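Grab a pencil and work through a few exercises with the model open beside you. Try each task yourself before you read its solution.

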Amino acid sequence: MSEHATETRGFQAEVSRLMRLMIHSMYSHREIFLRELISNASDACDRRRFAALADPSLAGGGEAYGIRVDFDSKARTLTVSDSGIGMTRDEAGEHLGTIAKSGTAEFFARLTGDEQKDSQLIGQFGVGFYSVFIVAERVEVRSRRAGIESAVAVCWSSSGEGEYTLETITRDEIGTAVTLHLKEDAAEFADPFRLRALIRRYSDHIAFPVLLRPDGGKGEYDRVNQAQALWTRPRQELSDDDYREFYRHVAHDAAEPLAWSHNQVEGRREYTTLLYIPAAAPFDLYNRESPRGLRLYVRRVFILDDAEQFLPLFLRFIKGVVDSADLPLNVSRELLQQDAEVLAIKGAITRRVLEMLARLANDEPEKYRTFWKEFGGVLKEGVIEDPGNRERILPLLRFASTVGDGELHSLADYVARMPEGQKQVYYLLADSATAARQSPQLEGLRARGVEVLLLSDRIDPWLATHLDEVDGRVIKDVASGELELAGLPPLTAAVAPVDTMPALYARIAARLAERVAGVRVSTRLAESAACLVRDSADPGPQLRRLLEAAGQKLPESRSWLELNPAHPLVVRLHLLPDGAAFDSLAALLADQAQIAEGGVPPDPAGFVRRLNDWLLGKY
Ligand code: ADP
């Protein structure tokens, strides 16, 4: 096919699906299409200015970077043009025919088909260029890439219904013009008053001038926005709305951010940061390959998207801008990696974000809860990754515990509630908070009125290995090693275990020698008959499973079987003579202890047989 031929192509299947969903769900605030167009135009200007750093011929002859909005009320058309980097024919086909956004697969996997639910998802996904089809019945994009001849510019056009056309055209100006043929009910977007108000709202933070002709006709263009990069303006001049609007632009997120922090640092090092905490996690938060990081500017010139060198991995959810006065304009990703200046800024940004979180936790607990739900698991990585900031991160952690009905608590809450005499902070690892709450291992502490933190996040087994001590208090896994009870309130007499059966423990130990390290009386149990307790050096079942899934071979380790001598089954066992019934019940106690902590007995079929024997009254 000749390059000049008109070619019709189908949209990637996801694009069509996205457009249908968008037209349905965004209808009530369909004016957002204009924000997307201006945002893209501004990015394109940024990119051209950046490209011109390396190749000044791309800058064009004195032509200022900017964005023009033209309209024709009679013809019901609206055109947004920019003098940005432009697109080649191939680029137009690729960028305006597919979705390259990170998290796309995750996004589509989450769609339910329920319009209500899916429309909330789309807000999180960000709508982008395709939102033009909410208001337009036909769209043409004419574009010429900087550095490409005028005779091989491109016209992309589509009515948004499954197909688009690419045609090679001649275009004098470098940059892109997007023309919308508005739907009949969208005529308001070709009205000068409506347009001016919208552009004001959506473009004041844009660093390039946005121009509009008051009458749409031939007169002079007016500049509608301030055309000054938002982060360079003094804080007191900016409203919350200004910050929110800029967030949408920089984060490509339609939702409002939870909090932000804007700082202009002067002195030996000169830089500005504007950092945002989003309200919802992106779909690919746990995909370590996905793009993340801040948008990097050097003296207001855009340099890089997703400059991950300015954020530690455990703050990868932060969005925003860093503008340095000291880095060279030709800085590359590779250079950033080793730069001492960058490391220093990263350290300062890390502290800034942790301060912002501490403030949020303190002043706006409701918002902090949202933050924790979305990003708490990632923040926990910081305790492991960044020992230098441990003391700043620990107070930000939240845990479920045996106190309250599912509320989350800080370590300080826990310590404040500790009864007099309690020296250690207790926690229990389990697969879920519900499983943890039911665990036999914490019965004894619960009966004594001692609070236990319940850790059930994927990352918690690792986190626990890094907690060891908080505020001078030992953090203790209740399912491991000896449980130090000195100083704790005594148990009420009825449930206090009396260790009167040492002979029984030796008999059981002899029979279960293959399975357990030993048998002893429990200080942990109050209601259940038995539980397993691992040696303090053992990583525990949760961490063991994770490490083994990752291909690590761990040495076998046997747990102690702890028994509750007050439990009728243990008393029964005590009274049984040596023989089949004794062996069966002893094994059954070990089986149930393992099941209670979310494990599987070593011989599941044997367990079922033993259980059935007892259920059917064989003994
Ligand atoms: P996003 O802006 O989030 O990447 P969009 O759907 O808005 O998603 O745009 C897709 C891509 O199309 C952009 O990343 C960019 O490469 C290209 N594009 C859109 N508008 C323009 C424009 N005005 N100039 C140059 N490229 C553009």
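Below are five exercises, each with a worked solution.

A word on the ground rules first. This is a predicted model, so to speak of local features we need pLDDT of at least 70, and side-chain atom pairs count only at pLDDT 80 or more, while totals for chains, interfaces and linings use all residues. Residues are numbered from 1 along each chain as its sequence is written, and side-chain values use heavy atoms, with hydrogens and water left out.

**Exercise 1. The ligand**

Task: Find which residues are around the ligand, and list the polar atom pairs at D82, F129 and H252.

Solution:
- Step 1. Look for residues near the ligand, meaning that one of their heavy atoms lies within 4 Å of it. You should get N40, A44, D82, M87, H95, L96, K101, G128, F129, T176 and H252.
- Step 2. Sort this shell by type: four nonpolar, five polar and two charged residues. Here Ala, Val, Leu, Ile, Met, Phe, Trp, Tyr, Cys and Pro count as nonpolar, Asp, Glu, Lys and Arg as charged, and the others, Gly among them, as polar.
- Step 3. Check the N and O atoms. A side-chain N or O atom of D82 is 2.9 Å from a ligand nitrogen. For F129, a polar backbone atom is 2.9 Å from a ligand oxygen. At H252, a side-chain N or O atom sits 3.3 Å from an oxygen of the ligand.
- Step 4. Now the cover: the ligand taken alone exposes 530 Å², and the protein buries 78% of that. Such areas come from the Shrake-Rupley method with a 1.4 Å probe; for residues, only the protein chains shown count as cover.

**Exercise 2. Salt bridges across the chain**

Task: What are the partners of E7 and R145 in salt bridges, and where do the pairs lie?

Solution:
- Step 1. Recall the rule: a salt bridge is a side-chain nitrogen of Lys or Arg within 4 Å of a carboxyl oxygen of Asp or Glu. The structure holds 46 of them.
- Step 2. E7 pairs with R89, with 3.3 Å between the closest N and O atoms. E7 is in strand β1 (residues 7-10) and R89 in helix α3 (residues 89-95), so this pair links parts of the chain 82 residues apart. Helices (H or I, at least four residues) and strands (E, at least two) are DSSP runs, numbered from the N terminus.
- Step 3. R145 meets E91 at 2.9 Å, N to O. R145 is in the loop between β4 (136-144) and β5 (153-158), E91 is in helix α3, and 54 residues separate them.
- Step 4. Compare two accessibilities. R89 counts as buried because its relative accessibility is 14%, whereas R145 is partly exposed at 25%. Buried means under 20% relative accessible area, exposed over 50%, and partly exposed in between (1.4 Å probe, protein chains only).

**Exercise 3. A pair within one helix**

Task: Where do D46 and R49 lie, and is D46 buried or exposed?

Solution:
- Step 1. Both D46 and R49 belong to helix α2 (residues 32-54), three residues apart, about one turn of the helix.
- Step 2. They form a salt bridge, the closest N and O atoms being 3.8 Å apart.
- Step 3. D46 is buried because its relative accessible area is 3%, while R49, at 24%, is partly exposed.
- Step 4. Zoom out: D43, D46, R47, R49, R295 and D305 are linked in a network of salt bridges.

**Exercise 4. Positive phi angles**

Task: What is the phi of R76, and what is the phi of D306?

Solution:
- Step 1. Keep the background in mind: most residues other than glycine have a negative phi.
- Step 2. R76 has a positive phi of about 55° without being a glycine. You'll find R76 in the loop between β2 (67-72) and β3 (77-82).
- Step 3. D306, also not a glycine, has a positive phi near 50°. Its place is in strand β13 (residues 301-307).
- Step 4. R76 is partly exposed because its relative accessible area is 23%; D306, at 30%, is partly exposed too.

**Exercise 5. A nonpolar patch**

Task: Which residues make the nonpolar surface patch of about 350 Å²?

Solution:
- Step 1. Patches use residues with over 30% relative accessible area and no salt bridge: like charges are joined within 9 Å, nonpolar side chains (Val, Leu, Ile, Met, Phe, Trp, Tyr) within 5 Å.
- Step 2. The patch is made by L611, L615 and L616.
- Step 3. L611 lies in helix α20 (residues 604-615) and, at 33% relative accessibility, counts as partly exposed.

Key:
A polar contact is a pair of N or O atoms within 3.5 Å; within protein, one must be able to donate a hydrogen and the other to accept it, and residues adjacent in sequence count only if both atoms are side-chain atoms.
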